Amino acid sequence: MKRVDDFRLRFGKREVVPIIIGGMGVDISSRELALEAARLGGVGHISDAMLPTVTDRHYKTKFVSDKQKQYKLNIKKTDKSIVKFDLEQVAESTRLHVSKTMEAKRGEGMIFVNCMEKLTMNAPRETLRVRLCGALDAGIDGITLSAGLHLGSFALMEDNPRFRDAKLGIIVSSLRAFQLFIRKNAKLNRLPDYIVVEGPLAGGHLGFGMDWAKYDLHTIVAEIVAHLKAEQLDIPVVAAGGVFTGSDAVEFLEMGCGAVQVATRFTASKECGIPAKIQQEYFKADEHDIEVNMISPTGYPMRMLKNCPAIGDGIRPNCEAYGYLLDANGHCAYIDAYNREVALHPDAKKISVKDKTCLCTQMRNFDCWTCGHYTYRLKDTTHRNADGSYQILTAEHVFHDYQFSTDHKIALPSLLP
Ligand SMILES: Cc1cc2nc3c(=O)[nH]c(=O)nc-3n(C[C@H](O)[C@H](O)[C@H](O)COP(=O)(O)O)c2cc1C
């Protein structure tokens, strides 16, 4: 019976354990979690979502308050088009988080950054360019392009000296998306180094419509693996979304995948960024407590716990401080939904917005409890404490369980005294 440890993910001559911990914004895939993955010989991700906010929290920068001060007079206005990011500050926050993480890296594994195209930041091309190049300049091992088709993202890095040496990967949910990416980037003469194929059971935003349940990861992976073979393209495929046991992972590795990308099981680890109290909500969830909805202003469906405070909340948009989802014209679907509710209830002290959420503020405050489909199985991966709470795991325990388990077994952690 094979185990994940019988396989290796190969990037040229370099080999790593074929377990990638996926990017989870905002700072859920923390520096500590990524460092553990690298120490254990796999691949970890940090996320570049809302980095100026994240660096303020960890490294005492003042990017958010500086921006808020600069645009103070706009706070009550509905038009947010003038609220721009200072590109140098965006670059600085990226370089800071990436370099601090890379300096602390130990072990044979690698650390990548997850970069979401949908964080359009009121200047999509310019802000994406500084985020991508900032990460390369600060020495990241690789960049995973997510939440969007990224048809122009390689070109944004083309002039960077590390464009051909860093590992660059894309996340797709269909063969068509992959083919489109390849076609649009043909003249750069630079293929992706890996392709994450993310199915409909993943956490965060989904690359499907609300008919996500009709799709199946095995089918999409098989199509992409067959296509690569037919085209004689030697690019590792990484299966993601619903890989819950080591044996699930082995199935994909035996299908020809180079690795798996996993996330949900690590949301139960002490290294992940979710506050301990909220982790208990993840453990407690049953299948019917999880939904895929359309409240993200990005326009993509998103999976989350139904009882999270982000759903139905009506806070005033806080784009002067954040504004990561403002499109190229300074619009965000939440602002429209919020203004509509204010107009409908002019005397209300508290507004409730049901169809959209202020994702920046909610993610920053850990009030949008996004999760993978199998979150309801987390309770089976640990012990229940005497007070009814669940024992938090270590990332090392979860990683080793993926790496060495067989027969779909899940090893429970040692009982804490
Ligand atoms: C809490 C959480 C947050 C996530 N956030 C992001 C994100 O910001 N960007 C992204 O590309 N994927 C995100 N994902 C998807 C993961 O990186 C990963 O591909 C996927 O969840 C793997 O499936 P699994 O959770 O079933 O193991 C998130 C997943 C979870 C569970």
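Student: Leaving aside neighbours within four places in sequence, which residues is Ile143 in contact with?

Tutor: First, this is a predicted model: local features need pLDDT of at least 70, side-chain atom pairs count only at pLDDT 80 or more, and totals for chains, interfaces and linings use all residues. Residues are numbered from 1 along each chain as its sequence is written. A contact needs two C-beta atoms, placed from the backbone, to lie within 7 Å. Skipping those sequence neighbours, the partners of Ile143 are Phe112, Val113, Cys115, Leu132, Ala135, Ala166 and Leu168.

Student: How many residues are in the largest nonpolar core?

Tutor: Such a core is a set of buried Ala, Val, Leu, Ile, Met, Phe, Trp, Tyr and Cys residues joined through C-beta atoms within 7 Å. Buried means 20 or more other C-beta atoms within 10 Å of a residue's own, exposed means 12 or fewer, and partly exposed is in between, with C-beta atoms placed from the backbone. Ile143, Ile195, Val197, Val221, Val238, Ala239 and Val260 touch the most other members of this core, whose residues number 127.

Student: Is Leu96 buried or exposed?

Tutor: Leu96 sits in helix H4, residues 87-103 (helices are DSSP runs of H or I with at least four residues, strands are runs of E with at least two, and both are numbered from the N terminus). Apart from neighbours within four places in sequence, its contacts are Thr55, Tyr59 and Thr61. Because Leu96 has 20 C-beta neighbours inside 10 Å, it counts as buried.

Student: Which residues of helix H3 are exposed?

Tutor: Start with the buried ones in H3 (residues 63-70): Phe63, Val64 and Lys67. Down the helix axis these fall within an arc of 95 degrees, so they line one face (the arc is that of the directions from the axis to the C-beta atoms). Helix H2 (51-59) and H4 are among what covers them. The exposed residues, on the other side of H3, are Ser65 and Lys69.

Student: What surrounds the ligand, and how many of those residues are charged?

Tutor: A residue counts if its C-beta atom, placed from the backbone, lies within 6 Å of the ligand. That gives 30 residues, with Gly22, Ser146, Gly203, Gly204 and Gly372 the closest, and strands E5 (110-116) and E11 (259-262) supply at least two each. For classes, Ala, Val, Leu, Ile, Met, Phe, Trp, Tyr, Cys and Pro are nonpolar, Asp, Glu, Lys and Arg are charged, and the others, Gly among them, are polar. The shell has 14 nonpolar and 15 polar residues, and the number of charged ones is one.

Student: Which residue in E13 stands opposite Gly204?

Tutor: An open sheet of three strands runs E9-E13-E12 with antiparallel pairing, and its edge strands are E9 (204-205) and E12 (290-293). Strands pair if DSSP finds at least two bridges between them, and E9 has two bridges with E13 (residues 302-305). Across from Gly204 in E13 is Arg303.

Student: What is the phi of Ala147?

Tutor: Ala147 is in the loop between strand E6 (142-146) and helix H6 (153-157). It has 22 other C-beta atoms within 10 Å, so it is buried. Its phi is positive even though the residue is not a glycine, with a value near 45 degrees.

Student: And where is the cis peptide bond from Gly25 to Val26, and what is its omega?

Tutor: Val26 lies in the loop between strand E3 (19-21) and helix H1 (31-39). The bond leading into Val26 from Gly25 is cis, with omega near -15 degrees.
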